[in-house]
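Q: Could you take me on a close look at the enclosed spaces inside this protein, and at the residues around them? I'd like one connected walk-through that I can follow with the model open beside me.

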Amino acid sequence: FGYSREDLLGHRLREFWAEHPSPEEQAISEELALGIRDRSGAPRTYLRQDGTQFHAFATSAAIRDEEGNLLYGVRIIQDVSDQVQALESLVDSEARFRAVFQRAPLPMLLIDAETHVLDVNDAAVSLFGYDSAEMSGRPMREFSDSGEVRLDGMRESEMLIAGEANVVSSERTYQRKDGTTFPAQVSTAAVRDVQGKFRYSIRAVQD
């Protein structure tokens with residue numbers, strides 16, 4: 001953030017937000033305070049002291065006493081600006097993207113409008129434990145820990161397809177071929193044709 005520890009203490013975290021929280025984010029904060037949930041994750045853009053912004057994924061956890069009353073919260077803020085910028089740069093040139101897709105160290109998947117896997121790079125093969133042929137054509141929900149469709153994931157896909165967003169970030173838990181699971185931070189970017197119509201999305205999965 002660029003502030004000293006003393007400058008940060010005592011301030012509301014929202015003072016460092018680059019935008020106002022959505023109604024959904026406000027509802028999640030209330031659920032954390034009321035004990036309905038103990039953990040949440042969401043993308044957010046923050047402001048540094050020098051006025052610059054950075055994209056982050058914020059994971060919040062509620063710390064409670066023995067009676068379940070909220071004592072305080074712990075928020076882990078991971079700067080994902082480089083990841084978001086890399087995705088945006090890649091979609092600017094499909095030829096450039098195709099050249100680096102397979103060699104990229106970050107696990108990435110190409111996904112169609114129905115969230116079926118079109119292609120995966122070598123890093124994704126290593127992470128999930130499936131080869132590319134085993135993953136291609138299957139819906140992403142089959143690789144989730146529950147196998148269920150998430151409503152927030154459906155909303156993210158709708159935003160990308162409709163052009164309401166070009167990059168969205170979220171938190172997921174996936175399941176490998178051997179049955180083990182892993183939590184991941186996910187950034188998904190839309191690839192569009194020259195008319196701006198959605199073609200497919202690129203999903204970067206960071207364990």
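A: Happy to; below is a walk through the cavities, with a stop at two threonines. Please keep in mind that this is a predicted model.

Let's start with the cavities themselves. Counting those of 30 Å³ or more, there are two. The largest cavity holds about 60 Å³ of space. Two elements give two or more residues to its lining: α7 (151-162) and β8 (198-206). If you want to select the whole lining of the largest cavity, pick Ile111, Asp112, Ala113, Thr115, Ser157, Leu160, Ile161, Thr188, Phe198, Ser201 and Arg203. By class, that lining is made of five nonpolar, four polar and two charged residues.

One of these lining residues, Thr188, deserves a pause. You will find Thr188 in strand β7, which covers residues 181-192. Is Thr188 buried or exposed? Its relative accessibility is 2%, and buried means under 20%, so Thr188 counts as buried. The side chain of Thr188 makes a polar contact of 3.1 Å with the side chain of Arg203, and Arg203 also lines the largest cavity. Beyond its neighbours within four places in sequence, Thr188 is in contact with Leu87, Leu160, Asn166, Val167, Val168, Ser201, Ile202 and Arg203. Among these partners, Leu160, Ser201 and Arg203 belong to the lining of the largest cavity as well.

Now for the second largest cavity, where about 30 Å³ of space lies. Strand β7 comes back here, giving the most to the lining with three residues. The full lining of the second largest cavity consists of Phe57, Val80, Gln83, Ser169, Gln185, Val186 and Ser187. Sorted by class, there are three nonpolar and four polar residues, with no charged ones.

Phe57 makes a handy signpost to the last stop, as Phe57 lines the second largest cavity and strand β2 spans residues 53-64. Thr59 sits in that strand too. With a relative accessible area of 12%, Thr59 is buried, because the cut-off for buried is under 20%. A polar contact of 3.4 Å links the side chain of Thr59 to that of Glu171. Setting aside neighbours within four places in sequence, the contacts of Thr59 are Arg39, Ser40, Gly41, Val74, Arg75, Ile76 and Glu171.

To put the two threonines side by side: Thr188 is buried and has a polar contact with Arg203, while Thr59 is buried and has a polar contact with Glu171.

How values were computed
Residues numbered from 1 in each chain as written. Predicted model: local features only at pLDDT ≥ 70, side-chain atom pairs only at ≥ 80, totals over all residues. Heavy atoms only, no water. Helix = DSSP H or I, 4+ residues; strand = E, 2+ residues; numbered from the N terminus. Buried < 20%, exposed > 50% of the residue type's maximum accessible area, 1.4 Å probe, protein only. Polar contact = N/O pair within 3.5 Å; in protein donor to acceptor, adjacent residues only side chain to side chain. Contact = heavy atoms within 4.5 Å. 1 Å grid on protein atoms, 1.4 Å probe; cavity = no way out; pocket = protein on both sides within 12 Å on 5 of 7 lines; lining within 4 Å. Points joined across faces, edges and corners; volume = space filled by probe spheres on them. Nonpolar A, V, L, I, M, F, W, Y, C, P; charged D, E, K, R; others polar.
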